[in-house]
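User: I should like a close look at a single part of this structure. Please describe it in connected prose that a first-year student can follow.

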Amino acid sequence: MLAFVIRRHSRSIPAHFRPSNLFSSSSAASAVPPLKPFSVVEYLVDSWGLSAAEASKVSRSLSDLKSSKKPDYFFNFLKSQGFTDSHIKRIINVNPRSVCVKVEPKFRSWLDAGISQSDLVEIITSYPRILHYSIRSVVSSVEKRILPNLKFLMDVCGISEEKASRAMRSRPELLAKKLDSLQTLVRRADELGVPRQSPMYPLLLIVLYGIDKEKFEAKSKFFKSLGWSESDFFTAVRTTPTLLTISQPYLQRKMEFFVKEVGYSPSFITQRPLILLFSLDKRVIPRFQVLELLKSENLWTAKGNFFYYMKLSDKKFIEKFVIPYKEKVPKLVDIYSLPSTEVSV
C-alpha cells in the first residue's frame with residue numbers, strides 16, 4: 001500500500017526527496033564498476049600470440065565468444081598433448097571454430113582407435129576441420145577408407161609405410177578419398193613418368209591432389225609461353241612437383257628477375273627448376289643485392305654461380321657475406337639481416 005501511494009504521488013514530491021534518489025549517493029559509492037567486455041581480438045593477441053591482423057580475421061568467426069573458458073581449455077589440452085604454439089596458431093588461423101570443440105574426448109577416442117599421438121598432432125595441424133567430425137565418422141573413415149588406401153599405396157604401388165604415412169600426415173584428406181579416386185590420382189602421377197619408388201612420388205601425389213587436370217594444363221601452357229618445351233615442363237614437375245603450387249604471376253616475376261637482372265637464360269632455369277622455389281623477396285633479391293654491392297665496393301670477386309649462393313642457409317650466407325663487411329658497408333645489414341639469436345656476431 002505504501003509503495004502504491006509513493007508511486008501515485010511521486011510527481012508531486014521534490015525530486016531530491018523521491019525514493020529513487022534518497023540513497024543515490026550512498027548507492028553510487030558502493031556500486032561495483034562494470035566489468036570490461038571480453039575482447040576476442042585482445043585475448044588472441046595476448047594469450048595466443050597472434051598478430052593484430054590475424055586476431056582480427058579470426059575473431060570474425062568467434063563473435064559469439066563471451067569468455068576465455070572454451071579457448072583456454074582447448075589451448076591447454078592441446079599443449080598437454082604435444083602441440084607447439086606454432087601448431088595451435090595454424091589450427092586457429094585455418095579453422096577458428098576449432099576452439100569451441102570439446103577436443104579431449106575425440107582425441108582420446110582416436111588414440112583408442114590406434115592412431116598414434118604424434119600422428120594425431122600432425123593430422124590435426126594439417127587438417128584442423130577433422131575436429132568437427134564425429135568420433136564415429138573418423139573411426140569409420142579409418143576402417144573403410146584410410147586403411148584400404150594405405151594398403152593400396154603400399155602393396156600395389158610399392159610405396160613404403162613410412163612414405164605413405166608421411167603423405168597421410170601431410171594431407172589427411174588424400175587418404176580419405178574413395179579408392180577409385182586415389183587410383184585415378186596414381187595413374188596421373190604414373191603418366192608423368194615418376195617411378196613409384198622415387199622419393200618424389202608421394203609428394204607428387206599430394207601436389208596433384210590439389211591440381212586438377214584443367215589447372216595442370218593451364219600451368220603447362222604458361223610455362224610454354226615462357227619459352228619452355230613440353231619436355232622441359234614435365235622434367236621440372238618430376239623433379240620439383242611443388243612448382244605446380246606457385247601462382248603464375250609470382251612465377252612470372254621470378255622468371256623476369258632471373259633473366260633480366262641475374263642474366264640467366266630460360267634454358268639454364270629449365271635445367272634447375274629448384275631456383276623457382278626460392279622466395280624472391282626474402283632470399284633471391286636480398287642476396288643478389290648484397291653480392292652486387294660487395295662487388296661494386298671491390299670487396300668480393302664473384303666465384304661460382306649465383307645459384308650456389310641461393311642454396312646456402314641463411315646462417316651461412318650472413319656469416320660469409322654480411323658480418324665480415326658490415327663495418328665497411330653498413331648498408332649490408334639494411335639489405336639482409338637476421339634475428340640476432342640466429343647468428344653470433
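Analyst:

**Gln 81 and the largest cavity**

In this predicted model, Gln 81 belongs to the loop that runs between helix H6 (69–80) and helix H7 (85–94). Is Gln 81 buried or exposed? Its relative accessibility is 8%, and buried means under 20%, so Gln 81 counts as buried.

The surroundings of Gln 81 can be described in two steps. Its side chain makes a polar contact with the side chain of Ser 80, at 3.3 Å. When neighbours within four places in sequence are left aside, Gln 81 is in contact with Phe 107, Arg 108, Gln 117 and Val 121.

A second topic is the empty space inside the model. Rolling a probe the size of a water molecule over the atoms shows where such space is left. The count comes to one cavity of 30 Å³ or more, and the largest cavity holds about 40 Å³ of space.

Which residues line the largest cavity? The lining consists of Leu 153, Ile 159, Lys 163, Ala 164, Ala 167, Leu 174, Pro 202 and Leu 205. By kind, seven of the lining residues are nonpolar, none is polar and one is charged. Lysine counts as charged, so the charged member of this lining is Lys 163.

Helices also take part in this lining. Helix H11 (161–170) and helix H14 (200–209) each supply at least two of the lining residues. Of the contributors, H11 gives the most, with three residues.

Terms used:
Residues are numbered from 1 along each chain as its sequence is written. This is a predicted model: local features need pLDDT of at least 70, side-chain atom pairs count only at pLDDT 80 or more; totals for chains, interfaces and linings use all residues. Side-chain values use heavy atoms; hydrogens and water are left out. Helices (H or I, at least four residues) and strands (E, at least two) are DSSP runs, numbered from the N terminus. Buried means under 20% relative accessible area, exposed over 50%, partly exposed in between (1.4 Å probe, protein chains only). A polar contact is a pair of N or O atoms within 3.5 Å; within protein, one must be able to donate a hydrogen and the other to accept it, and residues adjacent in sequence count only if both atoms are side-chain atoms. Contact means heavy atoms within 4.5 Å. On a 1 Å grid over the protein atoms alone, a cavity is a set of points where a 1.4 Å probe fits but cannot get out, and a pocket is an open set with protein on both sides within 12 Å along at least five of seven lines; lining residues have an atom within 4 Å of a point. Grid points are joined across faces, edges and corners, and a volume is the space filled by probe spheres set on the points.
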